[in-house]
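Hi,

Here is the structure I promised to pass on. Have a look at it first, and then read my notes below.

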Amino acid sequence: MLEMNDRPRRNRKHPAIRAMVRETWLGPEHFVYPLFVQDDPRIDPIPSMPGCSRLGPDAMLAEVEAAWADGVRAVVLFPATPESLKTDDGREAYNPDGLVQRLLRRLKKEHPELIVATDVALDPYSAAGQDGLVAPDGRILNDETVEALCKQAVSQADAGADIISPSDMMDGRVGAIRQALDAAGHAEVSILSYTAKYASAFYGPFRDALDSAPRGGDKKTYQMDPANGREALRELMLDEEEGADIVMVKPAGAYLDIIRALREATHLPVAAYQVSGEYAMIKAASQNGWLDERAVALESLIAIRRAGADIIFTYYARQAARWLAES
Ligand code: PBG
C-alpha cells in the first residue's frame with residue numbers, strides 16, 4: 001500500500017459526500033432565457049439552433065408560461081425585424097409601438113412577476129446590420145449612436161422592461177443610459193451591461209436567426225478583440241463608474257478566464273452569455289450521437305458558474321431547468 005495522508009478520492013466516495021463538498025451549483029434561478037420574437041403568428045424554427053424558433057406574440061407568451069412552470073424566472077427578447085422597417089438610423093428601435101415595446105407591455109401585464117430584460121443595440125433595426133449608426137465613410141459613430149441607444153432604453157423602460165442590457169459596446173453608453181433612464185423616471189430599472197463583449201464568430205447562428213449579420217464589414221471597431229483580457233478589466237472599471245448593476249462577459253465557454261477575472265475584480269454580480277454558437281455546437285454533436293446532450297449541456301453551464309458567473313444567459317435555460325428538476 002502506498003503511504004499517503006492525502007487521498008482526495010475519500011471526498012468522492014459516495015454521492016452524498018460528493019454533494020456535501022460540492023463547491024458550485026446550478027439552478028433555474030441563475031438562468032435568463034433568450035427568446036426570438038417576430039410580428040407574425042407563425043413559429044419559425046431556426047435551422048442552426050435546433051429547439052429554438054422565432055415566435056409570434058402568442059407563441060412567445062405560451063413559451064414564457066411553460067418556461068415559468070419549469071422554473072425559469074427571467075427572459076430576454078430579441079426581435080426579428082422585417083426588412084421594410086430597417087433604416088439607416090434604426091429608428092424602429094425606439095418606436096413606442098414597436099414589437100419589443102408591445103410585447104413588453106403584454107408580458108408585464110399578464111406576468112408581472114416575470115423578469116423581462118431587453119437588448120439595447122441598433123442591429124435588429126439597422127439597414128447595415130451594425131449595432132451603431134454608420135457614417136458615409138463606413139465608420140461607426142459613437143456619440144450619435146449613444147443618443148439613439150438612450151431613446152431605445154427609455155422606450156423599453158416606458159413599456160415595462162425590468163432590466164436594460166446594452167450589447168452594443170459603444171463607449172460611454174452605460175452612463176448616458178443611466179442618466180436618460182433616471183431623467184425619465186426609471187431610477188428603478190436596472191442596467192445589465194455587456195461589459196466584455198467580444199467580436200466573436202460564435203454569434204453566427206444568432207445572426208442567421210434574426211437575419212442581422214452586418215451587410216459587409218464586421219464589428220471589430222467596437223466589440224473586443226478575442227486576444228485581449230486586460231482590456232475587459234478596463235471596460236469593467238468604466239461600467240462600474242458609469243453605474244452598471246450587473247456586468248456581463250460574452251461569449252461564455254471560450255472566455256471562462258475573463259469571467260473569472262471580472263469575478264475577482266468586482267463586487268457587482270457577473271453574468272455570462274452562452275451564445276448561439278456554443279449552443280449549436282452541443283446540439284449538432286448530440287444530434288450526431290457524438291455527445292450526450294444533457295450531460296454536456298449541464299457541464300458547460302456548471303463550468304460557467306464555477307468560473308464565477310452568478311447569472312447565465314442560455315438557450316438551454318428551459319431544458320436545463322427541467323433536467324435539474326429531474327435529477
Ligand atoms: C446584438 C447581439 C448579438 C448577440 C446578442 N445581442 C449579436 C452580435 O453582436 O452580432 C449574440 C447572441 C448569440 O450569439 O447568442 N447586439
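A word on labels before anything else: helices (H or I, at least four residues) and strands (E, at least two) are DSSP runs, numbered from the N terminus. With that in hand, Asp 211 can be placed in the loop between helix H6 (204-210) and helix H7 (230-242). Bear in mind throughout that this is a predicted model.

**Backbone oddities**

Asp 211 caught my eye for its phi, which is near 50 degrees, a positive value in a residue other than glycine. Its relative accessibility is 45%, so Asp 211 counts as partly exposed. Met 169 also has a positive phi, about 65 degrees, and is not a glycine either. You'll find Met 169 in the loop between E8 and H5, where it counts as buried because its relative accessibility is 4%. Then there is the peptide bond from Lys 250 to Pro 251, which is cis with omega near -10 degrees. Pro 251 sits in the loop between strand E10 (246-250) and helix H8 (256-265). As background, most residues other than glycine have a negative phi, and most peptide bonds are trans.

**Inside the fold**

Val 76 belongs to strand E4 (residues 74-79) and is buried, because its relative accessibility is 0%. What does Val 76 contact, leaving aside its neighbours within four places in sequence? The list is Val 32, Tyr 33, Pro 34, Leu 35, Ala 117, Thr 118, Asp 119, Ser 165 and Phe 313. Take Ala 117 from that list: it is 41 residues from Val 76 along the chain, yet their C-alpha atoms are separated by 4.5 Å.

Helix H11 (residues 317-326) has buried residues too, namely Ala 317, Arg 318, Ala 320, Ala 321 and Trp 323. Their cover includes strand E1 (31-37), helix H2 (57-69), helix H10 (293-307) and strand E12 (311-314).

**Salt bridges**

The count comes to 24 salt bridges. Arg 318 of H11 turns up again here, in a salt bridge with Asp 70 whose closest N and O atoms are 2.7 Å apart. That pair links distant parts of the chain, since Asp 70 is in the loop between H2 and E4 and Arg 318 is in helix H11, 248 residues apart. Both Asp 70 and Arg 318 are buried.

By contrast, Asp 137 and Arg 139, whose side chains meet in a salt bridge at 3.0 Å, N to O, are both exposed.

A third pair stays within one helix: Asp 182 and Arg 178 both lie in H5, four residues apart, about one turn. Their closest N and O atoms are 2.9 Å apart. An α-helix has 3.6 residues a turn, so residues three or four places apart point the same way. Asp 182 counts as partly exposed because its relative accessibility is 39%, whereas Arg 178 counts as buried because its value is 13%.

There is also a network of salt bridges linking Asp 40, Arg 42, Asp 44 and Arg 54.

**Charge on the surface**

Arg 7, Arg 9, Arg 10, Arg 12 and Lys 13 form a patch of positive charge. Among them, Arg 9 lies in the segment before helix H1 (15-21) and is exposed, with a relative accessible area of 68%.

A negative patch is made up of Asp 143, Glu 144, Glu 147 and Asp 171. Asp 171 is in the loop between strand E8 (163-166) and helix H5 (173-183), and it counts as exposed because its relative accessibility is 52%.

Cheers

Notes: Residues numbered from 1 in each chain as written. Predicted model: local features only at pLDDT ≥ 70, side-chain atom pairs only at ≥ 80, totals over all residues. Heavy atoms only, no water. Buried < 20%, exposed > 50% of the residue type's maximum accessible area, 1.4 Å probe, protein only. Contact = heavy atoms within 4.5 Å. Patch = residues over 30% accessible without salt bridge, like charges linked within 9 Å, V, L, I, M, F, W, Y side chains within 5 Å. Areas by Shrake-Rupley, 256 points an atom, 1.4 Å probe, with all protein chains shown as cover. Salt bridge = Lys/Arg side-chain N within 4 Å of Asp/Glu carboxyl O. Lys, Arg positive; Asp, Glu negative; His and termini not counted. Charge placed at Lys NZ, Arg CZ, Asp CG, Glu CD.
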